Amino acid sequence: MHLKYITLVGPDVKIINQGDRFNFTDLLELGDTTDTDVDTTPSAWAIGLYNIELRNGSVTYSDQTMGSSWTLKDLEVAIPGLYFGGQETDAGISFDLASGGSLTTQAKYDADKNTYGLDLKFNNIALANAEPFVKDVFGGISSIGGTLSGKGNVDGSLDVFTNVDVKGNISVNNVSLTMNNGDRLASLEQLEVGINRINPEDNVFDFSRILLSGLNTHFDMFANGKTNFDVLMASSGEKKPEP
């Protein structure tokens, strides 16, 4: 079965998390079964979905345990193809992010061996896209500037999570961290990392290049004994301690 194109305009996805459950967990449980008579023979069907395009999408994620929420707007997704044939899956996806930048992925999965391969290419992705995640951890951060570029390859096995080979290179440019009180906590002109191979299972961490340039930061201690890094960890909106 082959579909030549699929277009989605304005999809709005809401994901709610509370503990270890999501608002779609019950739907996944509907397909769960302990019936030993279920036929697990791989399907003889070959399914191809091509030219999948998503325009003006939005995704809202809410963590009710932490009381946090963030929204990714104006999401543009292009999927050249998804192929499911017996035990193999092949998929390519491209994302255009509203805050800037693009991400292209090519993924392959072999169900017989339970192995996967993932090729990634990211171009000028705005670090501002990560602000909701960072603010959940560091409440004193008000904004993040900078871009991320690079490409890489990940090959691994789902049987052993740590058995994964990572190769590639990453470049982070013009990074800035600003706190709620308006102070610039740190800035960085450039960070380049070349990865020959990383494999946690084999305890291999082989880097071809690490370049750090233009790093600026400061450490302030106030009269009450607190520092600007205490402000970094403070809840959102907390003021700088009086000198």
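Colleague: How much space lies in the largest pocket, and what makes it a pocket rather than a cavity?

Modeller: About 390 Å³ of space lies in the largest pocket, a volume being the space filled by probe spheres set on grid points joined across faces, edges and corners. On a 1 Å grid over the protein atoms alone, a pocket is an open set of points with protein on both sides within 12 Å along at least five of seven lines, whereas in a cavity a 1.4 Å probe fits but cannot get out. The model is predicted: local features need pLDDT of at least 70 and side-chain atom pairs pLDDT 80 or more, while totals for chains, interfaces and linings use all residues. Residues are numbered from 1 along each chain as its sequence is written, and side-chain values use heavy atoms, with hydrogens and water left out.

Colleague: Which residues lie nearest the centre of the largest pocket, and which elements supply its lining?

Modeller: Of the 16 lining residues, Ile-125, Ala-126, Asn-129, Ala-130 and Phe-133 lie nearest the centre; a lining residue has an atom within 4 Å of a point. At least two residues each come from β6 (68-85), β9 (115-126), α2 (131-137) and β11 (164-179), and β6 gives the most, with three. Helices (H or I, at least four residues) and strands (E, at least two) are DSSP runs numbered from the N terminus.

Colleague: What is the make-up of this lining by class?

Modeller: The lining has 15 nonpolar residues, one polar residue and no charged residues. Ala, Val, Leu, Ile, Met, Phe, Trp, Tyr, Cys and Pro count as nonpolar, Asp, Glu, Lys and Arg as charged, and the others, Gly among them, as polar.

Colleague: Why does Phe-24 qualify for a surface patch?

Modeller: Phe-24 has 35% relative accessibility, so it passes the threshold of over 30% for patch residues, which must also have no salt bridge. Nonpolar side chains (Val, Leu, Ile, Met, Phe, Trp, Tyr) are joined within 5 Å, and like charges within 9 Å. Phe-22, Phe-24, Leu-27, Leu-28 and Leu-30 make a nonpolar patch of about 530 Å², with areas from the Shrake-Rupley method and a 1.4 Å probe. Helix α1 (residues 25-30) provides the largest share, three residues, and Phe-24 is in the loop between β4 (21-22) and α1.

Colleague: How do you know that Arg-197 and Asp-165 form a salt bridge?

Modeller: Their closest N and O atoms are 2.7 Å apart. A salt bridge requires a side-chain nitrogen of Lys or Arg within 4 Å of a carboxyl oxygen of Asp or Glu, so the pair qualifies. The pair links distant parts of the chain, since Arg-197 is in strand β12 (residues 184-199) and Asp-165 in strand β11, 32 residues apart. Asp-165, Arg-197 and Asp-202 are linked in a network of salt bridges, and the whole structure has five salt bridges.

Colleague: Why is Arg-197 called partly exposed?

Modeller: Its relative accessible area is 26%; buried means under 20% and exposed over 50%, so Arg-197 falls in between. Asp-165, at 23%, is also partly exposed.

Colleague: What does the salt bridge of Glu-192 and Arg-209 tie together?

Modeller: The closest N and O atoms of Glu-192 and Arg-209 are 3.1 Å apart. Glu-192 lies in strand β12 and Arg-209 in strand β13 (residues 204-213), so the bridge ties together parts 17 residues apart in sequence. Glu-192 is partly exposed at 22%, as is Arg-209 at 44%.

How values were computed
Buried means under 20% relative accessible area, exposed over 50%, partly exposed in between (1.4 Å probe, protein chains only).
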